[in-house]
Structures are given as C-alpha cells and as structure tokens.
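Trainee: I'm new to this one, and I'd like to know what stands behind the labels people use. Could you walk me through it?

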Amino acid sequence: MCSKDLFIAKRFMQQYEEVALFALGMTISSVVTVVEILKNNGLVIVKKIYTSTIDIGDEMRGRMVQKPKMEIKLKKSDNFDEIMAAATHEENGTNDQYEQ
C-alpha cells in the first residue's frame, strides 16, 4: 500500500462529501487497505461495495482475459473535519489547548 494513495483519498474526501474508489486486478488489495485505514480512523463510512469482472484483451496471448473489478463508495463521517484538523495540528506540532 502506498501512502500516496492514502494521501490522495483524504484530499478527495476533503473536497467532496462522497467519493468512489475503483480498483482493477492486483490494485484491489491497495484500495481495500486505504479504505480500511480511513474507516478505522473514523474518517469515512462505507456506503456500498460493488464487485464485477471485465474482459480485457491480452495482446501477448491474443485473447480476452477476465479481471476482477471493485468499486467502493465512501461518505465522509460526521466528524471528518475535526479528525483531519486534529491530525494537521499533530503534524505541525501544535496543540490548541496550550496556545493562548
């Protein structure tokens, strides 16, 4: 799992109330990991998970190959903004309760 994927997902969640993450083939595990981190940190609510397969042409083999596809629809949690603000303060080394 790449921390860049998590960073991008958080930025999209800051801009939009709902976001859909898509994954194809071997990237599914990375998307699931990102969603689990967001969910376990209280940032999102998983609204719906869709799974399917799609046919993709394999030029090396000269035939169609089925690949798994996943879409996960997320909604901001009610306290998303507060959690993100607290995380920003921690990253910057500030704590509002001690500032005057």
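The talk below goes through folding elements, burial, the core and salt bridges.

Mentor: Sure, and keep in mind that this is a predicted model. The protein chain has 3 helices and 3 strands, and from the N terminus on they run α-β-α-β-β-α.

Trainee: What makes Val19 buried?

Mentor: Buried means under 20% relative accessible area. Val19 has 13%, so Val19 is buried. You'll find Val19 in strand 1. Beyond its neighbours within four places in sequence, Val19 is in contact with Phe12, Met13, Ile72, Lys73 and Leu74.

Trainee: How much of the protein chain is made up of buried residues?

Mentor: They make up 24% of its 100 residues.

Trainee: And which residues touch the most other members of the largest nonpolar core?

Mentor: Leu21, Leu38 and Leu74, out of 18 residues in that core. Helix 1 (3-15), strand 1 (18-24), helix 2 (28-40), strand 3 (63-76) and helix 3 (80-92) each give two or more residues to this core. Helix 2 gives the largest share, 5 residues. As for Leu38, its contacts outside its neighbours within four places in sequence are Leu6, Ala9, Lys10, Leu43, Val44 and Leu74.

Trainee: Why is the pair Glu18 and Lys47 called a salt bridge?

Mentor: The rule asks for a side-chain nitrogen of Lys or Arg within 4 Å of a carboxyl oxygen of Asp or Glu. Here the N to O distance is 2.9 Å, so the pair qualifies. Glu18 sits in strand 1 and Lys47 in strand 2 (residues 44-58), 29 residues apart, so this pair links distant parts of the chain.

Trainee: Are Glu18 and Lys47 buried, exposed or partly exposed?

Mentor: Partly exposed is what lies between the buried limit of 20% and the exposed limit of 50%. Glu18 is at 45% and Lys47 at 46%, so both count as partly exposed.

Trainee: What separates Lys39 and Glu36?

Mentor: About one helical turn, because they are 3 residues apart in helix 2. Their closest N and O atoms are 3.1 Å apart, and they form a salt bridge.

Trainee: What about Arg61 and Asp58: which is buried and which is exposed?

Mentor: Asp58 has a relative accessible area of 19%, under the 20% limit, so Asp58 is buried. Arg61 is at 56%, over 50%, so Arg61 counts as exposed. Their side chains meet in a salt bridge, at 3.5 Å from N to O.

Trainee: How many salt bridges does the count come to?

Mentor: By that rule, 3.

How values were computed: Residues numbered from 1 in each chain as written. Predicted model: local features only at pLDDT ≥ 70, side-chain atom pairs only at ≥ 80, totals over all residues. Heavy atoms only, no water. Core = buried A, V, L, I, M, F, W, Y, C linked by side-chain atoms within 4.5 Å. Buried < 20%, exposed > 50% of the residue type's maximum accessible area, 1.4 Å probe, protein only. Helix = DSSP H or I, 4+ residues; strand = E, 2+ residues; numbered from the N terminus. Contact = heavy atoms within 4.5 Å.
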